[in-house]
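Welcome! Here are some short exercises, each with a solution worked out in steps. Try each task by eye before reading on.

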Amino acid sequence: MHHVVIHYNEIGLKGRNRPLFLRRLEANLLQATAGTGIRRVDERSGRLVLPLPRDADWSTIRERLRCVFGVANFSLADRSDLEMSALKAAVDRALEGRVLTSFKVSTRRAYKQFPLSSEEVNRELGAHVLERTHARVSLEDPEVTIHVEVLPRDIYFAFGREAGPGGLPLGVSGSVVALLSGGIDSPVAAYRLMKRGCRAVFVHFHSRPYQDGTSRAKAADLVRCLTRFQFHSRLYLVPFAEVQRQIVAAAPGPLRVVLYRRCMVRIAAEVARREGAKALVTGESLGQVASQTLDNLAVIEEAVALPILRPLIGSDKEEIVRQARALGSYEISILPDQDCCSLFVPRHPATFSTLAEVGQAESRLPIPVLVRTAMEQAEIQAFEFPESASAPSAPAMGRNDRGTVEACVDP
Ligand code: ATP
Ligand code: MG
């Protein structure tokens, strides 16, 4: 029988929160691997061990584990009794049919009473594998590292290991509301906070009927991409055209983008209140566009009491694009769409605004009514991952007190 041996991010899991974090990580692992036959997580000397069923589909399990925050690395491992002879015999069996060109052995001992030191296990097992195969030892650049974990009751060993995403177990940091445009930045920003243990609720503003619905479809695809990391998501699709129409009537062109943003964060704060989220997240990066100067960010921030988190504030576009590609969101983000923020704004919006001029423009607007109406007309879509395992049989996901609910489970 195979096992998965998981090392978690130890630095992140130290201290008094550790039991809580571990329990969350274990629950997340079971949820991520739902439907694969994995039924149990064992805590073993600072590692987590998942016993695999006989017919386990490793490629599916591997894909799922790559998305579980808090996992530093994991491996498909074999078990042996706590003796060198048993270990060697088990390694021999595992070597059958496998061609090794070069290797090294890397041992970690959680059970310090084991008669051999880690270094001695490396040497003795290394010599044994050399005898059995035509491989050579390469300490610098081995084709395969044989990882050996000596635990109090048994030994696990694996050929190679996979990197996990790191970070903190999803859910340990509470919830945030992520403002998701169809662009490259905002999905990466949401991912960064999810990686720090936040569950994200998504909000997308669209300008139908002034614009087509392409941005809505993109937002949904982006949420589907991010749901791999949090198992279920909710996306609020908020109509923004009426807000924009009224801002256009009340304010000069250069000021409009900042006014749009102030209304967006107010509506997002209302979503946060309803969802019990503690902060908003945006993809803003300092100086990237006119609305993202320090002056404008301060004016936007003033509209809400909740913190606005901007994890990309100091990132270059290049770094963001690199992360978007790794995440798989980039290909979705670059599809053409009609973004609501480009509606009714001049080519060069103001890089500088003051609260005084913004306040003056807003005094001509029924802000609370606009926020309330937008909330009432919001559609909520629900997403699940893995899709079949935990999806409800009926499409309805339960009705929110105001918004209409659409289940959005992939075929
Ligand atoms: P992105 O690549 O995320 O679109 P951007 O660099 O294009 O970011 P802006 O268009 O100025 O920047 O938007 C700044 C942030 O405001 C976005 O990252 C996003 O968090 C939020 N935002 C902008 N437009 C929308 C929208 N239509 N719906 C939800 N949030 C939005
Ligand atoms: Mg954008």
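Two strands pair if DSSP finds at least two bridges between them. Helices (H or I, at least four residues) and strands (E, at least two) are DSSP runs, numbered from the N terminus. The model is predicted: local features need pLDDT of at least 70, side-chain atom pairs count only at pLDDT 80 or more, and totals for chains, interfaces and linings use all residues. Residues are numbered from 1 along each chain as its sequence is written, chains are lettered from A and ligands numbered from 1 in the order in which they are written, and side-chain values use heavy atoms, with hydrogens and water left out.

**Exercise 1. Describe the chain as a whole.**

Step 1: Start with the elements, which are 14 helices and 16 strands.
Step 2: Along the principal axes, the C-alpha atoms fill a box of roughly 85 × 45 × 40 Å.
Step 3: Of the 411 residues, 52% are buried (buried means under 20% relative accessible area, exposed over 50%, partly exposed in between, with a 1.4 Å probe and protein chains only).
Step 4: Among contacts (heavy atoms within 4.5 Å) with a separation of 6 or more, 79% join residues 24 or more positions apart.

**Exercise 2. Find the partners of strand 3 and say how its residues point.**

Step 1: Strand 3 covers residues 47-51, and 5 of its 5 residues are buried.
Step 2: Arg 47, Val 49 and Pro 51 point one way, while Leu 48 and Leu 50 point the other way.
Step 3: Strand 1 (residues 3-8) runs antiparallel to strand 3 and is joined to it by 5 bridges; here His 7 has Arg 47 as its bridge partner.
Step 4: Strand 2 (residues 42-44) is also antiparallel to strand 3, with 3 bridges between them, and Asp 42 is partnered by Val 49.
Step 5: The hairpin of strand 2 and strand 3 has 2 residues between the strands, and Ser 45 takes a positive phi near 50 degrees there.

**Exercise 3. Work out how helix 3 and helix 4 cross.**

Step 1: Axes are lines fitted to C-alpha atoms, for helices over the stretch in contact, and angles run from 0 to 180 degrees between N-to-C directions.
Step 2: The axes of helix 3 (residues 84-95) and helix 4 (residues 118-132) come within 11 Å and cross at roughly 40 degrees.
Step 3: Angles under 35 degrees count as roughly parallel, over 145 as roughly antiparallel, 65 to 115 as roughly perpendicular and the rest as oblique, so helix 3 and helix 4 are oblique to each other.
Step 4: Met 84, Leu 87 and Val 91 are among the residues of helix 3 that meet helix 4, whose side includes Val 121, Leu 125 and Val 129.
Step 5: The residues of this contact divide into 7 nonpolar, 1 polar and 4 charged (Ala, Val, Leu, Ile, Met, Phe, Trp, Tyr, Cys and Pro count as nonpolar, Asp, Glu, Lys and Arg as charged, and the others, Gly among them, as polar).

**Exercise 4. Repeat the analysis for helix 8 and helix 12.**

Step 1: Helix 8 (residues 256-275) and helix 12 (residues 355-362) pack at about 70 degrees, with axes 11 Å apart.
Step 2: Helix 8 and helix 12 are therefore roughly perpendicular to each other.
Step 3: Val 258, Leu 259, Arg 262 and Arg 266 of helix 8 make the contact with Leu 355, Val 358, Ala 361 and Glu 362 of helix 12.
Step 4: These residues divide into 5 nonpolar, no polar and 3 charged.

**Exercise 5. Is Ala 220 buried or exposed?**

Step 1: Locate Ala 220 in helix 6 (residues 214-227).
Step 2: Ala 220 is buried, because its relative accessible area is 8%.
Step 3: Not counting residues up to four places away in sequence, Ala 220 touches Leu 235, Gln 381 and Phe 383.
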